[in-house]
Amino acid sequence: MSKLIKSLCVLISASVIAYTPLAHSAEKTKETPSSSAKKTTKKTTASTQKKPSKTTASNKKTTKTNSAKSNKTNKSKVTYTSRKSNVSKLAIANARQDVQVTRTIAARMDADNPGVQSSGVLVLNQQSGEVLYEKNADSIIPIASITKLMTAMVVLDARLPLNELISITEADIDTLKNTTSRLSVGTTLTRGEMLLLALMSSENRAASTLSHHFPGGKDAFIRKMNEKAQQLGMRNSRFYDSTGLTPSNVSSARELALMVKAAQRYPEIHQFSTSSEYTFVSNKNGSMMTFRNTNPLVKDSDWDIGVSKTGFINEAGRCIVMQAMINGKPVVIVLMDSSGKYTRIGDAQRIRKWIETSPLAKLRAG
């Protein structure tokens with residue numbers, strides 16, 4: 001009996017165990033069609049909603065990234081510009097620490113003062129020798145191409161034929177200041193033409209070749225220049241070349257006035273130094289070459305100029321000497337070390353106006 005009961009218990013246990021997974025499976029499958037569809041719809045909707053969200057998130061992420069990049073770029077640009085600006089300002093500030101600027105202000109024109117800006121000035125009546133105005137007239141300074149007036153006098157004193165052909169050589173090339181010239185090596189002109197270009201256009205190679213084609217050569221020419229200076233009473237003046245490129249050529253405004261007065265007595269110097277331009281055919285290439293006067297006042301009909309010569313090297317500044325008729329009287333004007341390209345011309349104009357309008361200047365001028 002006990003064995004029968006035991007066998008029944010085992011059979012019942014096995015049936016329960018076998019039924020449990022089947023019941024669980026049936027329960028899972030027991031969902032209604034509407035519930036299944038609802039769940040499927042919900043899943044699909046969720047999936048559909050999720051995809052746009054993902055795209056939107058992606059767009060947001062991209063926008064955020066681009067914005068970050070843009071901000072980073074803008075920030076970088078601002079930083080660079082700011083840095084560049086600061087560096088520039090600092091450079092300018094440092095540079096200006098070493099710069100000293102002195103403004104040149106002309107004195108107001110009055111009865112005693114023509115209001116000129118040039119550092120060395122002498123204005124005198126050529127006939128009487130009376131000084132109308134002077135400033136630093138005895139300072140010994142480089143005279144640049146004013147030298148060429150002395151060069152011209154030495155050439156003319158030697159009575160060398162002005163129609164003789166002479167040529168530019170390698171020896172005439174400027175190795176001191178390295179200035180250039182339109183007269184290339186081999187250019188051949190008459191001595192008179194070379195003298196014209198030296199006085200009118202301040203041609204350095206023309207002035208140089210005049211000294212090299214002198215009896216005894218350049219050394220003899222320089223000796224004659226210094227001898228002539230002593231004859232004219234230019235005791236403190238010294239000449240070392242015929243061009244004025246060397247700052248060793250020195251004089252004073254007062255002594256240069258003596259040279260201008262002497263130069264005015266040479267008809268060739270009067271004609272050549274006041275010519276406005278000259279054109280010739282180059283023997284080198286057959287082209288037409290035109291040279292013009294370095295003093296624009298020679299073309300001004302209001303001026304009656306007898307002698308004119310300009311000059312410039314760094315050591316001398318811009319200079320000009322002239323002999324001109326003002327109020328019917330011959331006046332010598334010497335302007336040395338003028339600051340600025342047009343100051344010397346402006347000073348010459350101011351002096352002329354001063355002589356024409358100032359009663360005292362008129363009286364002194366005769």
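Helix 6 and its neighbours

Analyst: The buried residues of helix 6 (buried: under 20% relative accessible area, 1.4 Å probe, protein chains only) pack against helix 3 and helix 5 (204–212). This is a predicted model, where local features need pLDDT of at least 70 and side-chain atom pairs count only at pLDDT 80 or more, while totals for chains, interfaces and linings use all residues. Residues are numbered from 1 along each chain as its sequence is written, and side-chain values use heavy atoms, leaving out hydrogens and water.

User: Which residues of helix 6 are buried?

Analyst: They are G217, A220, F221, I222, M225, K228 and A229.

User: Why is helix 3 called roughly perpendicular to helix 6?

Analyst: Helix 3 (residues 147–157) and helix 6 (residues 217–231) pack at about 105°, with axes 9 Å apart. Roughly perpendicular covers 65 to 115 degrees, so helix 3 is roughly perpendicular to helix 6.

User: What makes the span of helix 6 close to the expected one?

Analyst: The expected span is 1.5 Å times one less than the number of residues. Helix 6 has 15 residues and reaches 21 Å from its first C-alpha to its last, close to the expected 21 Å.

User: There is a sheet too. Why do strand 2 and strand 9 stand at the edges?

Analyst: Two strands pair if DSSP finds at least two bridges between them. The open sheet has five strands in the order 2-1-11-10-9, with antiparallel pairing. Strand 2 (131–135) and strand 9 (305–313) each have a single partner strand, so one side of each is left without a neighbour in the sheet.

User: How do you know that strand 10 and strand 11 pair?

Analyst: Eight bridges join strand 10 (residues 317–326) to strand 11 (residues 329–338).

Notes. Axes are lines fitted to C-alpha atoms, for helices over the stretch in contact, and angles run from 0 to 180 degrees between N-to-C directions. Helices (H or I, at least four residues) and strands (E, at least two) are DSSP runs, numbered from the N terminus. Angles under 35 degrees count as roughly parallel, over 145 as roughly antiparallel, 65 to 115 as roughly perpendicular and the rest as oblique. Buried means under 20% relative accessible area, exposed over 50%, partly exposed in between (1.4 Å probe, protein chains only). Contact means heavy atoms within 4.5 Å.
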